[in-house]
Amino acid sequence: MFGMVPFGLRNNASKRKESLERIMDYMFEQPLGPLSKVSSIFSSFKVDVKDCGGSYEILAELPGINREDIVLDYDKNYLSITANRNEDREEHDEDGKYICRERHTTKMERSFYIDDIDESKIKAELKEGILKVVLPKNSVEEIKKTIPIE
């Protein structure tokens with residue numbers, strides 16, 4: 001019975017899986033490759049949200065995106081960050097005729113529910129590919145009250 005099961009079958013299966021994963025990673029890394037439309041579905045950006053006591057701080061990684069291609073909206077307690085990236089690549093022959101001309105557009109958006117914000121004091125800055133948004137909390141003082149039991 002044991003002779004029917006190939007020795008190292010599990011090892012061979014894991015090698016095949018790793019090979020397939022490497023191929024898929026390569027295809028998705030190509031900015032204008034055959035799966036660029038599919039890879040744009042998975043495009044997003046990393047965000048850190050911190051509670052700094054009197055405010056919330058959001059740090060979003062947006063390398064290579066210009067300030068004018070980023071839109072920040074705060075509406076009904078939702079902060080939305082939208083970023084657009086447009087890439088063009090042209091290759092010409094000796095006569096200046098197109099051999100290849102490709103365009104790639106990606107739209108990335110993240111939304112966060114953050115309430116009790118003083119909307120008039122929200123600040124944002126973009127420095128070295130990092131978008132920093134500071135959302136000050138409303139300064140509502142909590143009053144401690146002892147409630148008598150009847």
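# Burial, salt bridges and charge in a predicted model

Tutor: T82 has a relative accessible area of 11% and is buried. The model in which it stands is a predicted one.

Student: What makes T82 count as buried?

Tutor: Buried means under 20% relative accessible area. T82 has 11%, so it is buried. The residue is found in strand β4, residues 78–92.

Student: Which residues does T82 touch, leaving aside those up to four places away in sequence?

Tutor: T82 touches D69, I70 and V71, and also K107, M108 and E109.

Student: How do you know whether A60 is buried or exposed?

Tutor: The relative accessibility of A60 is 1%, and the limit for buried is under 20%; A60 is therefore buried. Its place is in strand β2. Beyond residues up to four places away in sequence, A60 touches F45, K46, V47, I81, G129, I130 and L131. The C-alpha atoms of A60 and V47 are separated by 4.4 Å, although these residues are 13 apart along the chain.

Student: Why is the contact between D51 and K137 called a salt bridge?

Tutor: A salt bridge requires a side-chain nitrogen of Lys or Arg within 4 Å of a carboxyl oxygen of Asp or Glu. For D51 and K137 the N to O distance is 2.8 Å, so the pair qualifies. D51 lies in strand β1 (residues 47–51) and K137 in the segment after β7 (130–136), and the pair links distant parts of the chain, 86 residues apart.

Student: What makes K137 partly exposed?

Tutor: Partly exposed covers values between the limits of 20% and 50%. K137 stands at 24% relative accessibility, so it is partly exposed.

Student: How do you know that E57 and K132 form a salt bridge?

Tutor: Their N to O distance is 3.8 Å, which is within 4 Å, so the pair meets the rule. E57 lies in strand β2 (residues 55–61) and K132 in strand β7, so the bridge ties together parts that are 75 residues apart in sequence.

Student: Which accessibility class does each partner fall into?

Tutor: E57 is at 14% relative accessibility, under 20%, and is therefore buried. K132 has a relative accessible area of 30%, so it is partly exposed. Salt bridges that share partners join K50, E57 and K132 into one network.

Student: Why does the pair K121 and D118 count as a salt bridge?

Tutor: The closest N and O atoms are 3.7 Å apart, and the limit is within 4 Å; the pair therefore counts. K121, at 48% relative accessibility, is partly exposed, because exposed means over 50%. By this rule the count comes to 4 salt bridges.

Student: Why can such side chains pair?

Tutor: Opposite charges on side chains can pair when the charged atoms come close.

Student: What makes E109 accessible enough for a surface patch?

Tutor: A patch residue needs over 30% relative accessible area. E109 has 45%, so it passes this cut-off while counting as partly exposed. Together with D73, D75 and E119, E109 forms a negative surface patch. E109 lies in strand β5, residues 98–113.

Student: How many helices and strands does the protein have, and what is the order of the elements?

Tutor: The secondary structure comes to 2 helices and 7 strands, in the order α-α-β-β-β-β-β-β-β from the N terminus on. Of the 150 residues, 22% are buried.

Methods:
Residues numbered from 1 in each chain as written. Predicted model: local features only at pLDDT ≥ 70, side-chain atom pairs only at ≥ 80, totals over all residues. Heavy atoms only, no water. Helix = DSSP H or I, 4+ residues; strand = E, 2+ residues; numbered from the N terminus. Buried < 20%, exposed > 50% of the residue type's maximum accessible area, 1.4 Å probe, protein only. Patch = residues over 30% accessible without salt bridge, like charges linked within 9 Å, V, L, I, M, F, W, Y side chains within 5 Å. Areas by Shrake-Rupley, 256 points an atom, 1.4 Å probe, with all protein chains shown as cover. Lys, Arg positive; Asp, Glu negative; His and termini not counted. Charge placed at Lys NZ, Arg CZ, Asp CG, Glu CD. Contact = heavy atoms within 4.5 Å.
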